[in-house]
Amino acid sequence: MTNKPILSVENLKVVFKTPEGPVKAVNNISFTVNDGEVVGVVGESGSGKSQVFMSVMGLLATNGTATGVIRYRDIDLLGLSRDKLDKIRGRHMSMIFQDPMTSLNPYLTVERQMTEVLEIHRNMSRTEARQQAVQLLEKVQIPSAAQRISMYPHEFSGGMRQRVMIAMALLCQPQLLIADEPTTALDVTIQAQILELMRTLKRTKSNAMVLITHDLGVIAGLCDRVLVMYAGRIVEQGTVQDIFYNPQHPYTMGLLKSMPRLDVKTDRLQTIAGQPPNLQHLPIGCSFADRCQYRQDICISSKPEFRQIAPQRYKTCHLNF
């Protein structure tokens, strides 16, 4: 694994215009993703984790605006025209969305949706593209792939549709793969199969991967490094070992205490009291202060900076633990 970033994000802000006023979904965050590593992004619903990578892919809703710097290699993605961005998406970076039923076109067969990508980005003939698509469907364990490729999305089960989405994302062998909650809508058996497929991809591919999820168990099993997000900011960043065995932010501590563990006997799981802040009216100080058992006066009056506390360790907190 090299230290050369494949993706660099600096001071990213994402704001959505609404009739009730602007919603600050992402608030001045910076991070990198290096070649060959798997980075997990974890946080509650509404923490901004998906919007960060929708910005990376240039897929924000029309009422959303992203500012800052997003670089793929040395290319500034936010400054690209739509045509130039289309040449990078799919070929160099791809995204697996959490709901394959709404991501796949219901009016086109799986074959046409897959071969079109290869025809456009890799200049393949229809026959070559079909052969490549069938091979990828077999790789993601779609049974009878040569026959099923002619079917429509609604003719596949939920687990198979998700496998199709993974195959489509891998069509052009992208160097950066972003998976947004790839197992959320699946039952536990299919979840296990998809996660095993992701582990296989990690072992056999040298590309970088970003895994967006609220499931810390998935993070522990797949990722090298973790970004913990809350209210549109990264509140802690570190290796998987650091985050799980030595958390340094009260929110991360709360998340870990709220998940069941086999090595700890307890009658009741702990919860994080309260609710996340309103992104239209963020507090002056720390966004987590109202829910934090360690808060002090400075937490209420002053917003903490994103600071380095050790090699590869960062947090957004005034306190030291």
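This is a guided walk through the structure above, from its sheets to its helices and a few single residues.

Before setting off, note that the model is predicted: local features need pLDDT of at least 70, side-chain atom pairs count only at pLDDT 80 or more, and totals for chains, interfaces and linings use all residues. Residues are numbered from 1 along each chain as its sequence is written, and side-chain values use heavy atoms, with hydrogens and water left out.

Let's begin with the strands. Helices (H or I, at least four residues) and strands (E, at least two) are DSSP runs, numbered from the N terminus. Strands of a sheet pair through backbone hydrogen bonds, either parallel or antiparallel. Here, two strands pair if DSSP finds at least two bridges between them.

One open sheet is built from four strands in the order 2-1-4-5, with antiparallel pairing. Strand 2 (23–34) and strand 5 (75–76) stand at its edges, and each has a single partner strand, so one side of each has no neighbour in the sheet. Further in, eight bridges link strand 1 (residues 5–16) with strand 4 (residues 64–72) in the antiparallel sense. You can find one of these pairs by looking at serine 8, whose bridge partner in strand 4 is arginine 71. Helix 1 (residues 49–57) packs on this sheet and touches strand 1, strand 2 and strand 4, its direction making about 110 degrees with that of strand 1. Contact means heavy atoms within 4.5 Å. As for angles, axes are lines fitted to C-alpha atoms, for helices over the stretch in contact, and angles run from 0 to 180 degrees between N-to-C directions.

Now turn to the other open sheet, which has eight strands in the order 6-7-8-3-9-10-12-11 and mixed pairing. Its edge strands, strand 6 and strand 11, each pair on one side only. On average, neighbouring strands of this sheet are turned by 20 degrees against each other, direction ignored. Helix 1 appears again here: it packs on the sheet by touching strand 3 (38–42), strand 6, strand 7, strand 8 (208–213) and strand 9, and its direction makes about 145 degrees with that of strand 6. Helix 11 also packs on the sheet, touching strand 9 and strand 10, at about 105 degrees to the direction of strand 9.

At one edge, strand 6 and strand 7 are parallel and share four bridges; methionine 95 stands opposite isoleucine 178 in strand 7. Strand 6 (residues 93–96) is covered on both faces, with Met93 and Met95 buried on one side and Ser94 and Ile96 on the other. Buried means under 20% relative accessible area, exposed over 50%, and partly exposed in between (1.4 Å probe, protein chains only).

At the other edge, strand 11 (residues 306–310) and strand 12 run antiparallel, joined by four bridges. Among the facing pairs, alanine 310 stands opposite arginine 313, and phenylalanine 306 has threonine 316 as its bridge partner. Two residues lie between the strands of this hairpin, where glutamine 312 takes a positive phi near 65 degrees. Strand 12 (residues 313–316) is also joined to strand 10 (residues 233–239) by two bridges, again antiparallel, and there glutamate 236 stands opposite lysine 315.

Glutamate 236 leads us to helix 11, because its side chain makes a polar contact of 2.8 Å with that of threonine 252, a contact defined as a pair of N or O atoms within 3.5 Å; within protein, one must be able to donate a hydrogen and the other to accept it, and residues adjacent in sequence count only if both atoms are side-chain atoms. Threonine 252 lies in helix 11 (residues 250–257) and is buried, because its relative accessible area is 2%. Seven of the eight residues of this helix are buried, and their cover includes helix 9 (216–222), strand 9 (225–230), strand 10 and helix 10 (240–245).

Our last stop is the cysteines. A disulfide is a covalent bond between the sulfur atoms of two cysteines. With a cut-off of 2.5 Å between the sulfur atoms, a search of the whole structure finds zero disulfides. For cysteine 286, the nearest cysteine sulfur is that of cysteine 299, 6.1 Å away. Cysteine 286 counts as buried because its relative accessibility is 16%, and cysteine 223 counts as buried at 6%.
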